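Work through the following exercises with the sequence and the structure at hand, and try each task before reading its solution.

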Amino acid sequence: MSAPPLVIAARDTLDQIEAWGEHLRGEKRLSPKTLEAYSRDLEQFLSFLTGHIGNPPTVADIAALRTADLRGFMATRRSAGAGARTLARGLAGIRSFIGFLEREGLANGAAFRAMRAPRQPKTLPRPIAAPVALRVVEADEQLDEEPWVAARNAAVLALCYGSGLRISEALGIRRAEAPLDATATLRVTGKGGKTRLVPVLPVVAEAVSEYLRLAPSQSKPDGPLFLGVRGGPLKARIIQLAMARLRGALGLPDSATPHALRHSFATHLLANGGDLRAIQELLGHASLSTTQVYTAVDMERLLSAFESAHPRSDGNRAD
């Protein structure tokens with residue numbers, strides 16, 4: 001990552017930006033997109049500082065900054081329409097650069113560490129209603145002309161809804177691990193290398209068996225269970241596109257994605273009396289607080305039912 005051409009800063013600052021970029025790319029091995037985002041965020045910060053202090057900032061100028069200066073930058077970005085997530089990401093990029101200067105003995109990052117990131121708005125998962133989810137995972141509902149492709153897509157989606165798998169987890173199943181009977185379980189390795197055992201419903205095992213029965217070719221035991229039309233590993237994008245076609249056919253919102261089926265799995269279990277800690281284990285969440293978001297989803301559903309059905313609610317009051 002070279003210094004962005006539009007950055008307004010003193011020569012010594014530009015040199016440090018260049019060194020910081022090499023550090024991120026070589027030692028931290030950050031992705032090109034992250035490098036680009038960090039560079040853009042730092043560029044905005046340095047542009048603000050140029051107007052704030054009256055000259056292109058030197059390393060010494062940056063080292064002398066206080067928390068109030070950073071708050072001024074955040075306020076300027078917020079007034080320009082930046083949301084909480086954008087501000088938090090920008091702060092991360094700036095802190096990364098200050099941390100690099102601190103490591104080089106050129107600055108003290110205490111003022112930047114004291115600045116708290118904006119509180120992130122909590123968004124609730126948007127599950128798919130149970131009757132619709134059941135249609136989505138049926139092979140007959142798939143919009144593919146090839147029966148085996150329709151069966152394959154249905155099996156992947158069934159694993160997302162019936163076992164709460166992430167799409168990457170479903171596509172990571174090996175041929176030898178295929179769940180094919182009513183007592184099948186899957187050993188799934190999820191985020192952070194966390195391994196969990198997931199029971200497989202008979203209807204899901206039947207969907208996988210039907211796919212294998214119709215598939216024109218199969219991989220070796222240590223190869224992927226789900227294959228693309230050219231015989232290679234099935235890509236997540238193919239399933240996402242299949243789900244997008246189903247959204248159009250069934251009139252579903254854009255939030256109806258393969259991952260929404262995982263949300264539906266958890267929400268429908270909870271609505272039917274499932275234990276929260278058991279759901280946590282099934283989903284592979286490291287923290288119970290992550291799973292607890294589904295209690296808010298269920299409460300939202302209950303309140304909606306209350307508002308529409310209770311005789312004293314606004315919608316049911318007699319004029």
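**Exercise 1.** In this predicted model, determine which residues Asn 153 touches, not counting residues up to four places away in sequence, and decide whether Asn 153 is buried or exposed.

*Solution.* Begin with the contacts: Asn 153 touches Gln 142, Asp 144, Ile 239 and Ala 242 once residues up to four places away in sequence are set aside. Next, place the residue, which is found in helix H8, spanning residues 147-162. Its side chain makes a polar contact of 3.0 Å with the side chain of Arg 152. Finally, the relative accessible area of Asn 153 is 1%, and because buried means under 20%, Asn 153 is buried.

**Exercise 2.** Describe how helix H1 and helix H5 pack, and say which residues make the contact.

*Solution.* Helix H1 (residues 11-26) and helix H5 (residues 84-103) pack at an angle of about 100°, with their axes 10 Å apart. Since angles of 65 to 115 degrees count as roughly perpendicular, H1 and H5 are therefore roughly perpendicular to each other. The contacting residues include Trp 20 and His 23 of H1, and Phe 97 and Phe 100 of H5. By class, the contact has seven nonpolar, five polar and one charged residues.

**Exercise 3.** Characterise the aromatic pair formed by Trp 20 and Phe 97.

*Solution.* The ring centres of Trp 20 and Phe 97 lie 5.3 Å apart with 70° between the planes, and the pair is edge-to-face. Trp 20 in helix H1 and Phe 97 in helix H5 are 77 residues apart, so the pair links distant parts of the chain. Both Trp 20 and Phe 97 are buried, and ring pairs link Trp 20, Tyr 38 and Phe 97 into a cluster.

Definitions and conventions: Residues are numbered from 1 along each chain as its sequence is written. This is a predicted model: local features need pLDDT of at least 70, side-chain atom pairs count only at pLDDT 80 or more; totals for chains, interfaces and linings use all residues. Side-chain values use heavy atoms; hydrogens and water are left out. Helices (H or I, at least four residues) and strands (E, at least two) are DSSP runs, numbered from the N terminus. Buried means under 20% relative accessible area, exposed over 50%, partly exposed in between (1.4 Å probe, protein chains only). A polar contact is a pair of N or O atoms within 3.5 Å; within protein, one must be able to donate a hydrogen and the other to accept it, and residues adjacent in sequence count only if both atoms are side-chain atoms. Contact means heavy atoms within 4.5 Å. Axes are lines fitted to C-alpha atoms, for helices over the stretch in contact, and angles run from 0 to 180 degrees between N-to-C directions. Angles under 35 degrees count as roughly parallel, over 145 as roughly antiparallel, 65 to 115 as roughly perpendicular and the rest as oblique. Ala, Val, Leu, Ile, Met, Phe, Trp, Tyr, Cys and Pro count as nonpolar, Asp, Glu, Lys and Arg as charged, and the others, Gly among them, as polar. Rings of Phe, Tyr and Trp (its six-membered ring) pair if their centres lie within 6.5 Å; planes under 30 degrees apart count as stacked, over 60 as edge-to-face and the rest as tilted.
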